Amino acid sequence: MTTLEVIAPATGEVVGSYPAATADEVAEAVRQARSAASWWDGLGFAGRARRLDAWRRRIARGADELAELIHREMGKPRADAMLEIAMALEHLSWTTRHAGAVLGPSQRRPTSLTLNHKCTVEYRPLGVVGVIGPWNYPVFTPLGSLSAALAAGNTVVFKPSEYTPGVGAWLGNAFREAVDGPPVLRVVTGAGSTGAALCRSGVDKIGFTGSTATGRRVAAACAETLTPVLMECGGKDALLVDADADLDAAADAAVWGGMSNAGQTCLAVERVYVHRDVYETFLDKVVALARGIRAGKQIGPVTMPGQVEVIDSHIHDALDRGGRAVLGGPDAVRGRFVQPTILADVPEDSAAVTEETFGPTLTVTAVSDMDTAVELTNRSRFGLGATVFSRRNGPAIARRIRSGAVSVNAFVAHASIPSLPLGGVGDSGYGRVHGADGLREFAYARATTVQRFPSPLPLTSFYRPPWADAVVRVIVAVRHGLW
Ligand code: NDP
């Protein structure tokens with residue numbers, strides 16, 4: 001059996017060892033999940049809600065242990081890990097409570113030609129869903145898909161990131177302890193090849209969260225079997241600061257948005273566009289706040305070894321093209337710990353502006369007006385989230401940004417509100433987790449009509465009376481504007 005060793009990014013120590021599931025083992029997990037599907041579906045929304053609540057309480061009881069595991073495997077501070085768990089549990093709770101109302105049967109109105117039918121729509125589970133998760137929020141992110149897929153009545157095979165397999169296995173064990181019965185949630189650990197096997201395993205949908213590059217491979221593999229896929233990919237989110245903004249709040253949001261989790265957040269602020277009237281004041285505030293943040297203290301190490309090189313290359317590229325490091329810079333990169341780096345005057349075509357950096361860096365750029373800020377924001381091929389700080393024009397600016405969500409006067413509030421959908425456009429992916437949209441993502445719509453009485457206007461018969469055709473002609477004319 002091949003195994004996967006987990007190496008703590010902070011210390012280089014081996015902190016866990018997990019099986020690397022082969023394609024056959026993935027197929028077996030899918031087969032087991034499929035065998036549980038009709039039992040889980042048959043429980044109905046209330047029966048599943050009781051069990052998902054038990055899982056939620058089990059996670060809450062073990063939250064300290066889980067936070068410790070997240071800290072050990074991917075390096076974020078324990079308190080931030082607890083914040084992540086708290087947010088994930090809120091989503092699980094909302095999804096469980098609302099699944100019946102969102103997905104259960106609801107009536108639709110027929111048209112004048114079909115008045116004799118009672119019309120119903122309901123959302124049925126797809127069957128078995130494969131969830132592939134990243135390491136940066138190893139609880140919050142997969143739970144977005146897991147909660148909705150399970151609440152909708154699917155069984156799930158979950159492949160956590162190779163950097164956080166222990167977190168994935170912990171969630172699976174907690175489910176088994178909380179929920180009796182056949183294997184509704186199976187966890188398969190392994191590297192990319194295990195994820196690739198899951199894409200080809202015949203599951204009914206893949207909920208993928210990860211980088212855009214891997215997303216492309218996943219979409220290609222899923223296309224072979226016409227397996228639908230939800231794509232939650234990378235981002236290059238901007239924060240826009242208007243001349244009338246609360247600059248202290250905006251600077252605080254920029255620093256938390258850019259530096260928390262060492263910048264390894266899909267919705268991290270990576271670019272800041274600031275109205276020139278307040279640019280210098282804002283930049284001073286950002287630098288003052290960021291100076292107080294140290295990698296190894298408030299933020300952890302860079303989790304993936306290869307990412308250090310990416311961050312370093314983005315900083316160098318920005319400086320080579322005429323940018324300035326007003327805090328940090330090339331010296332900020334020391335092994336796996338990267339100190340906060342603020343870059344100014346960085347050309348818009350440099351990698352630090354166009355590519356996902358995934359490190360504790362910000363580019364801060366002056367703009368002549370908010371039209372320009374919006375235009376530069378929308379130039380990105382990513383479109384995940386954005387933040388706008390403006391006292392008077394926040395919603396108006398927000399509406400013009402091309403992204404799955406915008407938070408006004410706060411950083412990523414939308415991601416923590418369970419009734420709101422989360423997802424992107426362009427290279428940030430397609431489909432949504434969270435909220436009603438997230439629930440529908442793991443179900444198919446089924447329409448049912450029941451004829452209540454024979455139609456007074458028989459249309460769908462070869463033997464319809466000639467007057468019926470005349471009536472149709474009149475209806476077309478009256479209803480569609482000929483008269
Ligand atoms: P990756 O794309 O490297 O990996 C994501 C998952 O895909 C992992 O479980 C990975 O396994 C697996 N995988 C790798 N190769 C394949 C393959 N060929 N087929 C199927 N699965 C495969 O992303 P990261 O884990 O590095 O996560 C960071 C990325 O995720 C960032 O780009 C970030 O922006 C994005 N993200 C997006 C979010 C969103 O909501 N839009 C939320 C959080 C993160 P393994 O790790 O074992 O290689």
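Thirteen residues, or in digits 13, line the largest cavity, and Arg271, Thr377, Phe382, Gly383 and Arg402 are the ones that lie nearest its centre. Two elements each give two or more residues to that lining: α13 (370-378) and β17 (382-383). Keep in mind as you look around that this is a predicted model.

How much space lies in the largest cavity? About 70 Å³. If you sort its lining by class, you get three nonpolar, six polar and four charged residues. And how many cavities of 30 Å³ or more are there? The count comes to three.

**Over to the pocket**

Now for the open space. The largest pocket holds about 880 Å³. It is lined by 39 residues, with Trp135, Phe208, Gly210, Ser211 and Thr214 closest to the centre. Which elements each supply at least two residues of this lining? They are α7, β8, α8 and α11 (305-320). The largest share comes from α8, which brings six residues. By class, the pocket lining divides into 17 nonpolar, 14 polar and eight charged residues.

**Who lives there?**

The ligand does: the space it takes is the largest pocket. Three elements give two or more residues to the shell around the ligand, namely α7 (192-199), β8 (205-209) and α8 (212-224). For this shell, α7 gives the most, with four residues. So many names can blur together, but a few are worth finding on screen. Of the 31 residues around the ligand, the ones that come nearest are Gly133, Trp135, Ser211, Thr214 and Glu356. The shell as a whole has 14 nonpolar, 12 polar and five charged residues.**Touching the ligand**

Some residues place a polar atom by an oxygen atom of the ligand. Here are three of these pairs:

| Residue | Atom on the protein side | Distance to a ligand oxygen atom |
|---|---|---|
| Ser211 | polar side-chain atom | 2.7 Å |
| Gly190 | backbone N or O atom | 3.4 Å |
| Gly192 | backbone N or O atom | 3.5 Å |

How much of the ligand does the protein cover? On its own, the ligand has 900 Å² of accessible area, and the protein covers 91% of that.

Ser211 is a nice residue to end on. Ser211 is listed among the residues closest to the centre of the largest pocket, and Ser211 is also one of those that come nearest to the ligand. Its polar side-chain atom lies 2.7 Å from a ligand oxygen atom. Trp135 and Thr214 turn up in both places too: they are among the residues closest to the pocket centre and among those nearest the ligand.

Notes:
Residues are numbered from 1 along each chain as its sequence is written. This is a predicted model: local features need pLDDT of at least 70, side-chain atom pairs count only at pLDDT 80 or more; totals for chains, interfaces and linings use all residues. Side-chain values use heavy atoms; hydrogens and water are left out. On a 1 Å grid over the protein atoms alone, a cavity is a set of points where a 1.4 Å probe fits but cannot get out, and a pocket is an open set with protein on both sides within 12 Å along at least five of seven lines; lining residues have an atom within 4 Å of a point. Grid points are joined across faces, edges and corners, and a volume is the space filled by probe spheres set on the points. Ala, Val, Leu, Ile, Met, Phe, Trp, Tyr, Cys and Pro count as nonpolar, Asp, Glu, Lys and Arg as charged, and the others, Gly among them, as polar. A residue is near a molecule or strand if one of its heavy atoms lies within 4 Å of it. A polar contact is a pair of N or O atoms within 3.5 Å; within protein, one must be able to donate a hydrogen and the other to accept it, and residues adjacent in sequence count only if both atoms are side-chain atoms. Accessible areas come from the Shrake-Rupley method with a 1.4 Å probe; for residues, only the protein chains shown count as cover. A molecule sits in a cavity or pocket if more than half of its atoms lie within 2 Å of its grid points.
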